[in-house]
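Biologist: Could you take a close look at the charged pairs in this one for me? I'd like to hear how the salt bridges sit in the fold, and what the disulfide is doing alongside them.

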Amino acid sequence: QVQLVESGGGLVQAGGSLRLSCAASGRTLRNYYMGWFRQAPGKEREFIGEISWTYGVTHYVDSVKGRFTISRDSAKNTVYLQMNSLKAEDTAVYYCGARKWDSSGYDYYGQGTQVTVSS
């Protein structure tokens, strides 16, 4: 089992920045991918990007590429989502997730943290 707890959400003006954190516990994250998702009101949960815990390789969806950066701190067992140049359409509940490297889907999710971008 992997337990995930997000933090760092809040209210920010358009054009501003915010950094979300996701603290993981329960087992080693070696051979896991850590991902970030978001869900806006009335919409499906959307995958944003992920990072390989072992190698630090990242990839992102086009809508956030160049604005959002995922990183991890192995010593703290924490993954981060740095969000810059925020837009009103980035407003959503943000979730982190974890999946094994050979899993096709995410197995664990946190409870989410609200991000609101005012225009």
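Modeller: Here's a walk through the salt bridges, followed by the disulfide. Keep in mind that this is a predicted model. A search of the whole structure turns up five salt bridges. Let's start with Arg-67 and Asp-90, whose closest N and O atoms are 2.8 Å apart. Arg-67 lies in the loop between strand E6 (58–60) and strand E7 (68–73), while Asp-90 is in the loop between strand E8 (78–83) and E9, so this salt bridge ties together parts that are 23 residues apart in sequence. Both ends are tucked away: Arg-67 is buried at 12% relative accessible area, and Asp-90 is buried at 0%. That pair doesn't stand alone, as salt bridges with shared partners join Arg-38, Glu-46, Arg-67 and Asp-90 into one network. Within that network, Glu-46 bridges to Arg-38, with 2.8 Å between the closest N and O atoms. Here the two ends differ in class: Arg-38 is buried at 7% relative accessibility, whereas Glu-46 is partly exposed at 31%. Another of the bridges pairs Asp-62 with Lys-65, the closest N and O atoms being 3.1 Å apart. Asp-62 is exposed, with 66% relative accessibility.

Now for the covalent link. The structure has one disulfide, joining Cys-22 to Cys-96 with an S to S distance of 2.0 Å. Cys-22 belongs to strand E3 (residues 18–25) and Cys-96 to strand E9 (residues 92–100), so the bond ties together parts that are 74 residues apart in sequence. The link is right-handed, at 55° about the S-S bond, and both Cys-22 and Cys-96 are buried.

Technical notes
Residues are numbered from 1 along each chain as its sequence is written. This is a predicted model: local features need pLDDT of at least 70, side-chain atom pairs count only at pLDDT 80 or more; totals for chains, interfaces and linings use all residues. Side-chain values use heavy atoms; hydrogens and water are left out. A disulfide is a pair of cysteine sulfur atoms within 2.5 Å. Helices (H or I, at least four residues) and strands (E, at least two) are DSSP runs, numbered from the N terminus. Buried means under 20% relative accessible area, exposed over 50%, partly exposed in between (1.4 Å probe, protein chains only). A salt bridge is a side-chain nitrogen of Lys or Arg within 4 Å of a carboxyl oxygen of Asp or Glu.
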